[in-house]
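Reader: Let's go through this structure together. Can you show me the model?

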Amino acid sequence: MRRVVVAYLLRGEASERVNHLRRQYDPRTAAAIPAHVTLAGPVNTPAPLDDLIRALYSVAGRTAPLALRIGAVATFLPVSATTFLEVEPRASLTALHDLQVQELGWTETYPYHPHVTVTEYLDRFATEEAYRSLRGIEVEWLDYLDRITLLEKLPDGRWISVANAALNAGL
């Protein structure tokens, strides 16, 4: 059984700034996985890697690139001790998520909410403190989602890139 996720790995200024915040507020999150927008998962799956990669390429071939806006600080408290940055366009990202989940045949526990995680390995008190502090930071970063990545979690908790697929519908 492998643990996998489909994500867009941030690049450029957005990546640098988000990773800076992650190192400052939750170094464990920063060390585990690069700044990203989750598009499907994470899930535990027995599926062969080739099948997962085929599904990644199938969705990428039917999806057009899109501009992203990373903004407001929010939290999933009390459900999860996570602080994050909102990502728009929510409807387009949700459609991409739904397509990827359908292609993979996955079921997910929580409703999809496009975001970039800043902290996730803190206790509730530290999460509340980070959230209060982060709300004072003006965030308005742009990025361009033009590829998706399949990542797999290693036994040491780090996530590695297994495959990348360029979005190319309509190109």
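**Helix α4 and the largest pocket**

Author: Start with α4. α4 has 15 residues and reaches 21 Å from its first C-alpha to its last, close to the 21 Å expected at 1.5 Å a residue. That expected span is 1.5 Å times one less than the number of residues. Helices (H or I, at least four residues) and strands (E, at least two) are DSSP runs, numbered from the N terminus.

Reader: What can I trust here?

Author: This is a predicted model: local features need pLDDT of at least 70, side-chain atom pairs count only at pLDDT 80 or more, and totals for chains, interfaces and linings use all residues. Residues are numbered from 1 along each chain as its sequence is written, and side-chain values use heavy atoms, without hydrogens and water.

Reader: Which residues in α4 are buried?

Author: L93, L96, H97, Q100, V101 and L104 (buried is under 20% relative accessible area, exposed over 50%, with a 1.4 Å probe and protein chains only). These buried residues fall within an arc of 130° seen down the axis of α4, so they line one face of the helix. The arc is taken from the directions from the helix axis to the C-beta atoms.

Reader: And which are exposed on the other side of α4?

Author: A91 and Q102.

Reader: What comes just after α4?

Author: G105, with a positive phi of about 75°.

Reader: New topic. Which residues lie nearest the centre of the largest pocket?

Author: T38, G41, P42, Y110 and H115, out of 28 lining residues. β2 gives the largest share of the lining, five residues.

Note on methods:
On a 1 Å grid over the protein atoms alone, a cavity is a set of points where a 1.4 Å probe fits but cannot get out, and a pocket is an open set with protein on both sides within 12 Å along at least five of seven lines; lining residues have an atom within 4 Å of a point.
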